[in-house]
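Hello,

Here is the structure I promised to send over. Please open it alongside this note; what I found follows below.

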Amino acid sequence: MNIRFLDIARSYVELKQEIDCAVTRVLSSGWYIQGEELEAFETEFAAYCGTKYCIGVGNGLDALHLILKAWDIGPGDEVIVPAHTFIATWLAVSQTGAKPVPVDIRDDGSYGLNPELIERALSSRTRVIIPVHLYGQPAEMDEIRRIALAHGLKVLEDAAQAHGARYHGLRVGGLGDAAGFSFYPGKNLGAFGDGGAITTSDDDLAKRLRSLRNYGSSQKYVHEVKGYNSRLDPIQAAVLRVKLRHLDEWNHRRVECAAAYRTRLSATNLLLPLQANGRESVNHLFVIATECRDRLRAELHDMGIETLIHYPIPPHRQQAYCSSHAGCPLPVAERVAVEVLSLPIGPHLELDDLNAVCDGVVRSLKV
């Protein structure tokens, strides 16, 4: 048995003819930076997310960082971040010179920022809250937005893992003041290399972001601000345009995989991902939790089943941050780090393979 966690190459195989035509179109055009292909993707993805604007950038980290810079976040400012997330959420804040302030997560299988703990973490220096739609599950946006409004704060969605997810019928990407997406190849909407995007309906913010991503310039050789070089290239934009047309179908396949996992694993003592009313996950990952995580993972590996851990070391325990966040009381995030395990999932996971994974999990838990 050899069950991979995610077979990215199969996304190309399924759409080979469409993707080859799209890439050839760009190569034949002779236009390889910005241009009409990127603008077309930006228009289509903005419409998909329900926002006025999309700004393509180099990657998901740049998306978050550029939004914060456009809001003039910098030294002396503080930004609320989840204690359990990929470290890019924290790095985006640190790159501005601001301080990431961690807040613990829900203890219910949602793995999202706990709104009940946010206000006690606020200070006079707090400027932004970054909820992360982790593993494809939308964060509790109503309560987060209420807190932000009450304290005059911006809300920046980290939507890197949640392309197409809905919160009370509205897609993520249009639920806060701005959102950052990643198109890393393993994402629900993945490019064939690095890529990212920002969505917003704020006219002034969109204008400033288009300048910041392009050396601080909106007119060639005229630089209004000190900017960056972070541009989504037309070849990746063309690939993403093709994949965007299939995103809802592929997300539906993920939902079906998650439903099958729930059915097969419901009788175990595993903590399964939360299904919350009004929050439609796109199941970027299917994350279970158990105290015997390391033994389970080792036994699945011996059976030929590949799993991953998202994430084994919390950001505040990483060498990059441990000196500045020593003693932070974040018990849920710390426990989750030693209990979570991500099972194989994706739009190309065969039912026989999924059943084999479930058989392996159940067999291991009975030992």
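**A buried glutamine**

Gln137 is buried, at 7% relative accessible area. Keep in mind that this is a predicted model. Buried here means under 20%, so Gln137 falls in that class.

Where does Gln137 sit? Its place is the loop that links strand S4 (126–129) to helix H7 (141–151). What lies around Gln137, beyond its neighbours within four places in sequence? The contacts are Ser110, Val132, Leu274, Arg279 and Ser281. Leu274 also comes up in a polar pair: its backbone oxygen is 2.8 Å from a polar side-chain atom of Gln137.

**The sheet**

Next, the strands. Seven of them make an open sheet, with mixed pairing. The order is S1-S9-S8-S5-S4-S2-S3. Which strands stand at the edges? They are S1 (53–57) and S3 (99–103). Each has a single partner strand, so one side of each has no neighbour in the sheet. On average, neighbouring strands are turned by 25° against each other, direction ignored.

One pairing in detail: S5 (residues 154–158) and S8 (residues 178–182) run parallel. Three bridges join them. Glu157 has Ala179 of S8 as its bridge partner.

Two helices to look at on the sheet:

- H7 packs on the sheet and touches S4 and S5. The direction of H7 makes about 150° with that of S5.
- H8 (residues 203–212) also packs on the sheet, touching S1, S8 and S9 (196–200). The direction of H8 makes about 20° with that of S1.

H7 is also the helix at one end of the loop that holds Gln137.

**Cysteines**

How many disulfides are there? The count is zero. The cut-off is a pair of cysteine sulfur atoms within 2.5 Å.

Why is Cys292 not bonded to Cys358? The sulfur of Cys358 is the closest cysteine sulfur to that of Cys292, but it is 15 Å away, so it is too far for a bond. Cys292 is partly exposed, with 22% relative accessibility.

Cys322 is in no disulfide either. Its nearest cysteine sulfur belongs to Cys328, 11 Å away. Is Cys322 buried, exposed or partly exposed? Cys322 is partly exposed, at 34% relative accessible area.

Best wishes

Technical notes: Residues are numbered from 1 along each chain as its sequence is written. This is a predicted model: local features need pLDDT of at least 70, side-chain atom pairs count only at pLDDT 80 or more; totals for chains, interfaces and linings use all residues. Side-chain values use heavy atoms; hydrogens and water are left out. Helices (H or I, at least four residues) and strands (E, at least two) are DSSP runs, numbered from the N terminus. Buried means under 20% relative accessible area, exposed over 50%, partly exposed in between (1.4 Å probe, protein chains only). A polar contact is a pair of N or O atoms within 3.5 Å; within protein, one must be able to donate a hydrogen and the other to accept it, and residues adjacent in sequence count only if both atoms are side-chain atoms. Contact means heavy atoms within 4.5 Å. Two strands pair if DSSP finds at least two bridges between them. Axes are lines fitted to C-alpha atoms, for helices over the stretch in contact, and angles run from 0 to 180 degrees between N-to-C directions.
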